[in-house]
Amino acid sequence: MATTAQPEATTETTAGPTIAKAWGVDAPDEQLKPMEIERRALRPDDVAIKITWAGICHSDLHQCRNDWHNSRYPVVPGHEIVGLVTAVGPKVTKYKVGDTVAVGTVVDADLTCAECQAGWEQFCLSGSTFTYNGVDKIDGTITKGGYSDHIVVREHFVFRMPDNLDPAKASPLLCAGITTWSPLRQYPEHVAPGKKVAVAGLGGLGHLGVKFANALGAHVTMITTSPSKGDDARALGAHDVVVSTDAEQMAAAAGRFDFILDTIPVTHDVQPYLQLLRRGGRMVLVGAIEPLPSIHGGLLIMGNKAIGGSGVGGCPETQEMLDFCAEHQLYPEVETIRMDQVNEAYERLLKNDVRYRFVIDMARGL
Ligand code: NAP
Ligand code: ZN
């Protein structure tokens with residue numbers, strides 16, 4: 001494939017489809033294992049990226065195991081990607097070989113519909129393409145994610161990594177980061193200095209929710225099922241901690257919060273949390289992508305409360321979030337692992353034993 005705009009960009013990636021080393025699963029009951037996958041030849045607006053760091057999101061585990069009943073096998077997960085540009089198509093203008101870049105949960109959308117034009121590409125009216133387990137709009141292949149040595153992505157969906165953002169720690173920002181940043185930014189009347197914000201679930205998403213809410217000036221409370229995480233929560237920026245399994249603590253927190261960000265990864269009764277909202281309070285669900293038990297309408301009506309959801313974030317706000325993190329030197333707490341430790345990492349994720357995001361060093365164990 002021609003790379004006339006960037007002659008120095010010539011690598012084998014540009015010559016045609018390439019074989020990538022990857023880890024994935026062929027079935028829901030399998031462990032992740034090494035496999036070879038094909039990456040497409042560069043289209044004119046594509047960027048080829050050598051992946052250096054890949055975060056492990058709970059969604060990766062959900063999709064390997066078909067928890068959402070829509071997995072297309074083989075699943076090669078990974079949508080928290082940081083890497084180096086190795087080649088660019090002739091129409092690429094923003095990136096050149098050698099740039100450090102990042103890719104998140106979405107790799108394509110029509111870019112013409114009202115949602116795309118407004119910067120909400122993930123909600124593209126003709127359907128956005130997820131980084132893995134999606135269907136490529138042009139060739140119909142199933143997309144494969146970041147547990148891989150390289151990837152080819154349309155330029156619009158590639159983010160610039162600020163110079164002073166450490167690539168080894170930043171990859172979880174591409175999903176956990178934007179998924180918590182976006183809802184906190186969508187409700188500036190609820191998330192601001194003087195406002196009380198709670199984050200439920202201190203995991204990959206939740207720990208960034210705490211850091212962001214603190215950085216945005218709110219008074220932050222961690223709502224956790226794990227009393228042992230209290231000290232961590234405070235170190236991350238929580239001013240207060242409520243243990244959700246302690247009825248007395250939950251009763252004492254009734255009517256307290258302007259905003260609750262709920263990152264709990266499984267279906268659960270949201271009613272105890274709605275009771276913690278003050279008048280006009282809002283709760284945003286990002287974790288439980290599945291049916292929820294019913295909600296008594298009175299819990300919303302009494303106190304003018306609202307419950308909603310939020311899905312990742314669009315491209316402009318993802319870049320904004322990366323720039324904010326660089327400016328404030330705000331990082332995820334990461335535990336770096338080798339690729340061949342991924343199955344152990346998944347088991348630990350299920351056991352709630354990660355503080356607070358696994359990041360795979362793609363140079364090791366692939
Ligand atoms: P994670 O690292 O496993 O953290 C989830 C946290 O929730 C745990 O650390 C735990 O915190 C709490 N928790 C776990 N099981 C629980 C249970 N049974 N009841 C109550 N609390 C429980 O997961 P993550 O990577 O942050 O992802 C969280 C969820 O968000 C996943 O379902 C993921 O698929 C989803 N997600 C959604 C979006 C979106 O666009 N909306 C994007 C990315 C991910 P405590 O110990 O503090 O209780
Ligand atoms: Zn994710």
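**A tour of the zinc site and the ligand 1 pocket**

Start by selecting C57 and H79, both of which are buried in what is a predicted model. With these two residues displayed, add the zinc ion (ligand 2) and C175, and you will find the ion coordinated by C57 through SG, by H79 through NE2 and by C175 through SG, at 2.0 to 2.2 Å. Along the chain, the donors of this zinc ion are spaced as C-x21-H-x95-C. The pair C57 and H79 links distant parts of the chain, 22 residues apart: to trace this, colour the loop between β3 (46-55) and α2 (58-64), where C57 sits, and then the loop between α2 and β4 (81-88), which holds H79.

Next, select ligand 1 and the 29 residues that surround it, the closest being H58, T224, T225, S226 and R357. By class, this shell comprises 12 nonpolar, 15 polar and 2 charged residues.

Now turn to the oxygen atoms of ligand 1. A polar side-chain atom of T224 lies 2.5 Å from one oxygen atom of the ligand, and a polar side-chain atom of S226 likewise lies 2.5 Å from an oxygen atom of ligand 1. For L205, display the backbone, where an N or O atom lies 2.8 Å from an oxygen atom of ligand 1. If you switch to a surface view, bear in mind that ligand 1 taken alone exposes 940 Å², of which the protein buries 87%.

Finally, select α2 and α6 (204-215), the elements that give two or more residues to the shell around ligand 1; of the elements, α2 gives the most, with 3 residues.

Methods
Residues are numbered from 1 along each chain as its sequence is written. Chains are lettered from A and ligands numbered from 1 in the order in which they are written. This is a predicted model: local features need pLDDT of at least 70, side-chain atom pairs count only at pLDDT 80 or more; totals for chains, interfaces and linings use all residues. Side-chain values use heavy atoms; hydrogens and water are left out. Donors are N, O and S atoms within 2.8 Å of the metal (3.2 Å for Na, K and Ca); water is not among the atoms, so sites may look incomplete. Helices (H or I, at least four residues) and strands (E, at least two) are DSSP runs, numbered from the N terminus. Buried means under 20% relative accessible area, exposed over 50%, partly exposed in between (1.4 Å probe, protein chains only). A residue is near a molecule or strand if one of its heavy atoms lies within 4 Å of it. A polar contact is a pair of N or O atoms within 3.5 Å; within protein, one must be able to donate a hydrogen and the other to accept it, and residues adjacent in sequence count only if both atoms are side-chain atoms. Accessible areas come from the Shrake-Rupley method with a 1.4 Å probe; for residues, only the protein chains shown count as cover. Ala, Val, Leu, Ile, Met, Phe, Trp, Tyr, Cys and Pro count as nonpolar, Asp, Glu, Lys and Arg as charged, and the others, Gly among them, as polar.
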